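The following exercises concern a predicted model. Please work through each task before reading its solution.

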Amino acid sequence: METVKVLNSDEFAIELKNISYCYPNVEEPCLKNINLTVQKGKFIVLMGATAAGKTTLSLCLNGLIPQLLEGKLTGQVSVAGLDVRKTAVQTLSKVLGLVLQDPETQIFGRTVEEDTAFGPRNFQVPLDEIKQKVNSSLESVRLKGYNQRMTEELSGGEKQRLAIAGVLVMEPEILVLDEPTSELDPIGRSEIYATLNDLRTKKDLTILLVEHSIEELIQKADEVIVLNQGEVAWRGVPIELFRNIPLLSKWGIKPLPVSQIGWNFYEKGWISFAEIPLDIQAAEGMIRALLPKYGLRQGQVLVLGEGLGHTQEQNKDCLLKQENQMSEKKISVQVSELFYQYNSAQPALRGINLTIEAGEFVALIGQNGAGKTTLAKHFNGLLKPTSGEIIVEGMKTLQYDTSELSKTIGYVFQNPDHQIFSTSVAKELEFGLKNAGFSGKEIKERVDQALQYTGLERYRSVHPFSLGKGERQMIAVASILVLKPKLLIIDEPTTGSDWAGVQTMMALIRKLHSAGTTIIMISHDMDLVAQYAKRVIGLKDGEIIIDGTPQAVFSQEQILLDSAIIPPQLCRLSSHLKDILGNETFIDSSEFTGMFESWETTGC
Amino acid sequence: MLIEYLQGDSFIHRLDVRTKMFGFLGFMILSFIFQDPKYQLLIVFSMGLLAFWIKIPLRKIGKMLVPLIPIIISIILITGFTFTPERFERVSSQAILFYVLPGDRLGATLGGFLMGTTFICRLTSMMIASSVLTLTTSIDDFTQFFHKMKVPAEVSMMLTTAIRFIPTLDKKRRLIIEAQKARGTKFNEKGIVGSIKSYLPIMIPMFINSIMMANSLSMAMLNRGYGLTRTWTTMRELSFETSDYWVITLTVLLVTLAIFVRIKLQIGVL
């Protein structure tokens, strides 16, 4: 930081002095006294909980605040030496390119070429030059040769990269990206990151990236800036931040699972702060180094570990048997020979056979387009099988309407904004009950219950759209919960939520599960899947390729690799430690720490 | 429906948009100066040939025509009964086939039925011709045409954006319908109030989502320099080829000939 001050001011790509901003009709300022400088050529990651002001800050940088959005802005923003207040957004766009969250609204052209050319056309760049620029920027986002493709037919990742190309084509010095990967699957995400890395090395761009998760970026980013409630809370190198678990949890940032293990050892005093691992190799090394010193004797570990496994399994078996005796295995979902075909294209589902028992917690995983959502939509009759049969809670979906099935089968969609239409949270919750034909008193009782259950009580009469995305997501869940479904299907319940939001949501789902609701969750977040689900079903090209406990599924690395699924970090670590762990796959950091002496008691 | 562009490289695809527009105008004139269904049938037939030539899915156009059958029948009936003999120049057309009501009232004229047939033919050939036009002309060409006709740039921008967002909004609509169905919405409630009420859960999120999209769209447009100047680089200059001149000449000749035949020789009237 000291050296930064010595630098000449024209070496700063971005310079913020005392920035405060308040949205119109809102009392609490969104940004408070932000002082920030970014050196040219740096790769900065901007992190923080939702509503910390990350998006607002990026809008300030290219002049959309205050030029398009009203509200009160004080302080001075300069970008590459230009005063943002005095320079038109359009002119600034040649200096600083901003890629917004939703690629859909950033694509104007029908073909890829038409869209990419949009920017330079506005600056009346001659046609030949435009063609050249379009081609080179498409190449730099790995969309070479896509020129004549229809934008509508691109995949999510391709759309996002096209949005980046549309900004790059104006050849800015600085690139600001606001959560460009929030709705992408792991493959799409790594493509974006690879693109950014290319850009940085080849074009020497200054990059400011707003992002929730950072696992892949720790080694690539120069600095992390953490915003908390509109203020710069922390700034420094990523490794410093990600080793400091308490700091992360304070700001609502997801910690890396391996560093969680490391932190436990650091607290014991076994390793120094700088030794807290941030990737799998380091974690492997740490565990190997510590085992002889503090671990249970190796032989013992194995025996104990296996013993543990057995007893647990036996216990489980006993429990299962007990359950069986108490109530005969109730089947929640029974799918036989399901085929489904969208109009004329390849079949989206090919011969699915599946039984889900009541009370299970199932996660559906797979790449985008693998058929997860298509399968799930069959469970509540939104889609009817082309051939085959589905029986859900004793009802053949072919014979029932979705409105009938919705009384016992809840389906929460990914985007809450597609369903919210009432003027208050309570009214939103009443809607489903009215459809199901409940009476006044029952409706009131159930709404009260659901509000309490989801922690939305204080928002009862608030307009849903005045709340944040996390709360809206919760409203969507609550509006299904009022119906007290026996089977709950949740599609990507944590997209775009911060770590705190993710935990609240998952805690709620776990609570529902332990209350006996059958849960089917679709998710790209393998850490969550491993941590919460009891059974994992992997799909690829419309077929089930793997089905089992999280431990069993995530140890099948080859199968997962083929279907472009990256197992959770801890499972990958387990496979690195195969010689020690045998065939066991750990999915929780406590299982690793359990291998060591002082956790002996907790391990058992 | 009509805005679909059929990728292709046929003769008509390659014609300049202005030539096509001119040809379309010529066709309209032809279609309107002749009253006799015989000539109209000729026009329909030649339009059909044209469509066949560029391999336009005629079945698609047929599908569009099917729901119009009741209208077609009623047009023939209405013209048949309402066109009085005095409206026709030819004696043969003035012939009254029969009366519906006693006392020689509400007579059906032969000319009326023929006129009805003409209307139908006009309708059909118009549909084929406009399909040929839209299916062979890209949106880009149309915006170029507007540009040449001195229509402001904002209009063509609006047009292209609207067309670009039709599939997006349609996807939104489907997602919203699914989300509401999952909450037990029924879309078949009775009565006008009931049916309007049952669409509120679709319409409101649709509006809200559109507004949110429009909001970020406007940000993204500014972001990419829209509105800095009032003009922008045209992606493709329109240019006439030899074939364009041929087609234009042919059209002019054909229209002149038709006008001569119709006015001087009094052929093709009823």
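**Exercise 1.** Determine how many residues each chain brings to the contact between chain B and chain A, and how much area is buried there.

*Solution.* First, count the residues: chain A contributes 60 residues to the contact and chain B contributes 49 residues. Next, take the area: the two chains bury about 5100 Å² between them, with 60% of it on carbon and sulfur atoms. Finally, consider individual residues of chain B: Arg183(B), Arg224(B) and Met235(B) supply 20% of the area that chain B buries against chain A, more than any other three residues.

**Exercise 2.** Describe the polar and charged pairing between chain B and chain A, then the make-up of the side of chain B that touches chain A.

*Solution.* Begin with the salt bridges, of which there are 5 between the chains. In one of them, Arg224(B) pairs with Asp115(A), and the closest N and O atoms are 3.6 Å apart. Polar contacts then link 26 residue pairs, both residues being at pLDDT 80 or more. Helix 10 (191-223) of chain B is among the contributing helices and gives the most to this side, with 16 residues. By class, the side comprises 25 nonpolar, 15 polar and 9 charged residues.

**Exercise 3.** Establish whether Cys30(A) is in a disulfide or in none, and whether Cys30(A) is buried or exposed.

*Solution.* A disulfide requires two cysteine sulfur atoms within 2.5 Å. The nearest cysteine sulfur to Cys30(A), that of Cys22(A), lies 8.4 Å away, and Cys30(A) is in no disulfide. The count over all chains is 0 disulfides. As to exposure, buried means under 20% relative accessible area; Cys30(A), at 18%, therefore counts as buried.

How values were computed: Residues are numbered from 1 along each chain as its sequence is written. Chains are lettered from A and ligands numbered from 1 in the order in which they are written. This is a predicted model: local features need pLDDT of at least 70, side-chain atom pairs count only at pLDDT 80 or more; totals for chains, interfaces and linings use all residues. Side-chain values use heavy atoms; hydrogens and water are left out. Buried means under 20% relative accessible area, exposed over 50%, partly exposed in between (1.4 Å probe, protein chains only). Contact means heavy atoms within 4.5 Å. Buried area is the accessible area (1.4 Å probe) that two parts lose on being put together, summed over both. A salt bridge is a side-chain nitrogen of Lys or Arg within 4 Å of a carboxyl oxygen of Asp or Glu. A polar contact is a pair of N or O atoms within 3.5 Å; within protein, one must be able to donate a hydrogen and the other to accept it, and residues adjacent in sequence count only if both atoms are side-chain atoms. Helices (H or I, at least four residues) and strands (E, at least two) are DSSP runs, numbered from the N terminus. Ala, Val, Leu, Ile, Met, Phe, Trp, Tyr, Cys and Pro count as nonpolar, Asp, Glu, Lys and Arg as charged, and the others, Gly among them, as polar.
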